[in-house]
Structures are given as structure tokens and as C-alpha cells.
Amino acid sequence: TYLKHIIPAMTTALATSSSAATLPVTLRSVKATGKVPESISNFVLPLGATINMDGTAIYFPCACVWLAYYNGIEPTWSDYLLLILLATIGSAGAAPVPAGGLALVITCYNTVFGGTDTPDGFSYILAIEWFRGAIVTVVNVVGDSVVAAMVSSLCPEEEVGDDDEISETGTDSPHHQASSKEEEDEELRRFDNVELGTVDKSELA
């Protein structure tokens with residue numbers, strides 16, 4: 001039921017291949033679910049559109065491993081670990097625009113496998129980039145929306161209600177204001193009695 005409301009954001013991501021361009025639709029879709037407070041969605045979703053690139057992190061190792069085998073290189077376990085590390089860090093730095101990760105694919109490949117130029121077979125990746133970018137953007141947008149729901153479940157609105165109850169017991173609560181008014185009236189009556197001579201002034205000390 002939650003993901004059903006995210007369908008407009010998913011279709012927009014599929015059409016634009018850009019998390020940044022999809023952000024306004026994502027904000028409206030998450031708000032339409034009624035399960036995520038606006039304060040949380042306004043913080044989580046823009047942050048996720050910038051650094052949460054789930055699809056890109058999955059894509060980098062796959063593309064680099066395919067290029068390695070295409071160029072006659074068999075990756076070792078240490079190459080896989082280094083690819084995972086570079087993909088995790090590099091995906092956060094990828095621009096949320098179409099074809100924003102192509103340069104990072106070349107960078108990761110040359111770093112891990114010791115290349116110095118564009119590897120052979122990169123043209124095949126470039127040919128399917130338009131389709132790959134759309135699918136990856138959908139994954140990123142869905143991931144951002146799910147994380148927003150997770151943060152909302154970990155920080156429920158009940159906690160905000162508890163803060164409101166605390167504030168009601170403070171100096172701004174109606175009960176406190178009524179008590180203050182009664183105390184002021186009592187002080188005025190005491191001073192009036194002093195002026196009339198019915199109360200000893202020492203009682204005010």
C-alpha cells in the first residue's frame with residue numbers, strides 16, 4: 001500500500017533518469033501516503049536524492065567486472081572488495097543527472113585493474129546507458145522513499161505529542177496562567193488590606 005503511492009515518482013524517474021528532477025514528485029508522493037511527516041520527508045528525500053545512489057552502487061561493480069572479463073582480466077577477491085568500496089563511496093559522489101556515473105565507471109576500472117585509458121567495450125555500456133540510467137533512477141527513488149518511511153517509524157509522531165504535553169505543563173500552559181492570575185489577585189488583596197490597616201506589614205516579609 002505504501003509503494004502504491006510512490007508510482008508517480010517511479011514513472012517520473014523512469015522518464016527523466018534524474019533523482020533531482022524527480023524530487024518534487026517524490027515529495028508529493030511520500031506526503032500522499034500519510035505515513036511520513038512533512039518534516040521528515042523534507043529532510044530525508046533531498047538528502048537521499050544527493051547521496052543515496054543504491055542503483056549506481058550496484059551498477060559500478062557489475063560494469064567493471066564485465067569490462068574486466070571483456071578485456072581478458074580475471075578479477076580476484078581483492079579486486080571485488082576494492083570495487084565494493086569504490087562503488088559505495090563513488091555512488092555518493094555521483095551527480096543525480098542522466099549519465100552521471102559513466103566517468104566513475106572508467107575511474108573505478110582504471111583504479112582496480114590498472115588501466116590508463118577508456119577500456120575496450122566501454123562503447124557497449126554507453127549504448128545502453130539511457131535504459132540503465134532510467135532503471136537505476138527508479139531504484140534510487142524507491143530507496144529514498146522507503147528510507148523516509150523507516151525514519152518515520154523510528155521517530156513516530158507520539159514523541160512530538162510528548163513534547164507538547166511537556167510544554168503544556170510549563171509556563172505557557174493555561175493552568176499555569178490561571179494560577180499566576182490567582183496569585184496576583186491575592187497579592188493585590190493583601191496590599192489593599194495593608195492600606196486599610198487590617199493586616200500587619202510584617203506579614204508581607
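Contact here means heavy atoms within 4.5 Å.

**Figure 1. The whole chain, an all-α run of elements.** This is a predicted model, in which local features need pLDDT of at least 70 and side-chain atom pairs count only at pLDDT 80 or more, while totals for chains, interfaces and linings use all residues. Residues are numbered from 1 along each chain as its sequence is written, and side-chain values use heavy atoms, with hydrogens and water left out. Among contacts in the protein chain between residues at least 6 apart in sequence, 74% join residues at least 24 apart. The protein chain has 10 helices and zero strands; helices (H or I, at least four residues) and strands (E, at least two) are DSSP runs, numbered from the N terminus. Of its 205 residues, 34% count as buried, where buried means under 20% relative accessible area, exposed over 50%, and partly exposed in between (1.4 Å probe, protein chains only).

**Figure 2. A look inside the largest cavity, about 150 Å³ in volume.** Which residues come closest to its centre? Of the 19 that line the largest cavity, they are T56, A95, V97, V136 and T137. Helix α8 (residues 129-154) provides the largest share of this lining, with six residues. Sorted by class, the lining has eight nonpolar, nine polar and two charged residues. For these classes, Ala, Val, Leu, Ile, Met, Phe, Trp, Tyr, Cys and Pro count as nonpolar, Asp, Glu, Lys and Arg as charged, and the others, Gly among them, as polar. A cavity is a set of points, on a 1 Å grid over the protein atoms alone, where a 1.4 Å probe fits but cannot get out; lining residues have an atom within 4 Å of a point. Grid points are joined across faces, edges and corners, and a volume is the space filled by probe spheres set on the points. By this rule there are two cavities of 30 Å³ or more.

**Figure 3. The second largest cavity, with about 40 Å³ of space.** Its lining is made up of S19, L23, T26, L45, A49, V141 and D144. Helices α2 (19-33), α3 (38-51) and α8 are the elements that give two or more residues to this lining. The largest share, three residues, comes from α2. By class, the second largest cavity is lined by four nonpolar, two polar and one charged residues.

**Figure 4. The largest nonpolar core, a set of 18 residues.** A nonpolar core is a set of buried Ala, Val, Leu, Ile, Met, Phe, Trp, Tyr and Cys residues joined through side-chain atoms within 4.5 Å. Those with the most contacts inside the largest core are Y59, C64, V105 and F113. Helices α4 (54-70), α5 (77-93), α6 (102-113) and α7 (122-127) each supply at least two of its residues. Zoom in on F113: leaving aside neighbours within four places in sequence, F113 is in contact with C64, A68, I73, P75, D79 and L83. Apart from this core lies another, of 15 residues, with I6, A13, V30 and A49 among them. As background, nonpolar side chains tend to be buried together in soluble globular proteins.

**Figure 5. W66 meets Y124, an aromatic pair that links distant parts of the chain.** Rings of Phe, Tyr and Trp (its six-membered ring) pair if their centres lie within 6.5 Å; planes under 30 degrees apart count as stacked, over 60 as edge-to-face and the rest as tilted. The structure holds six such pairs. Is the pair of W66 and Y124 stacked or edge-to-face? The ring centres of W66 and Y124 are 6.2 Å apart and the planes stand at 80°, so this pair is edge-to-face. W66 sits in helix α4 and Y124 in helix α7, 58 residues apart. W66 is partly exposed, at 39% relative accessible area, and Y124 is also partly exposed, at 49%. Not counting residues up to four places away in sequence, Y124 touches W66 and Y70, and W66, Y70 and Y124 form one aromatic cluster. Between the C-alpha atoms of Y124 and L67, 57 residues apart along the chain, the separation is 9.7 Å.

**Figure 6. Helix α6, home to the aromatic pair of Y109 and F113.** These two residues lie four apart, about one turn of the helix. Their rings form a tilted pair, 5.2 Å centre to centre with 45° between the planes. Y109 is buried, with a relative accessible area of 5%, and F113 is buried too, at 14%. N110 is also found in helix α6 and counts as buried at 17% relative accessibility. Setting aside neighbours within four places in sequence, N110 is in contact with G115, T116 and D117.

Technical notes: On a 1 Å grid over the protein atoms alone, a cavity is a set of points where a 1.4 Å probe fits but cannot get out, and a pocket is an open set with protein on both sides within 12 Å along at least five of seven lines; lining residues have an atom within 4 Å of a point.
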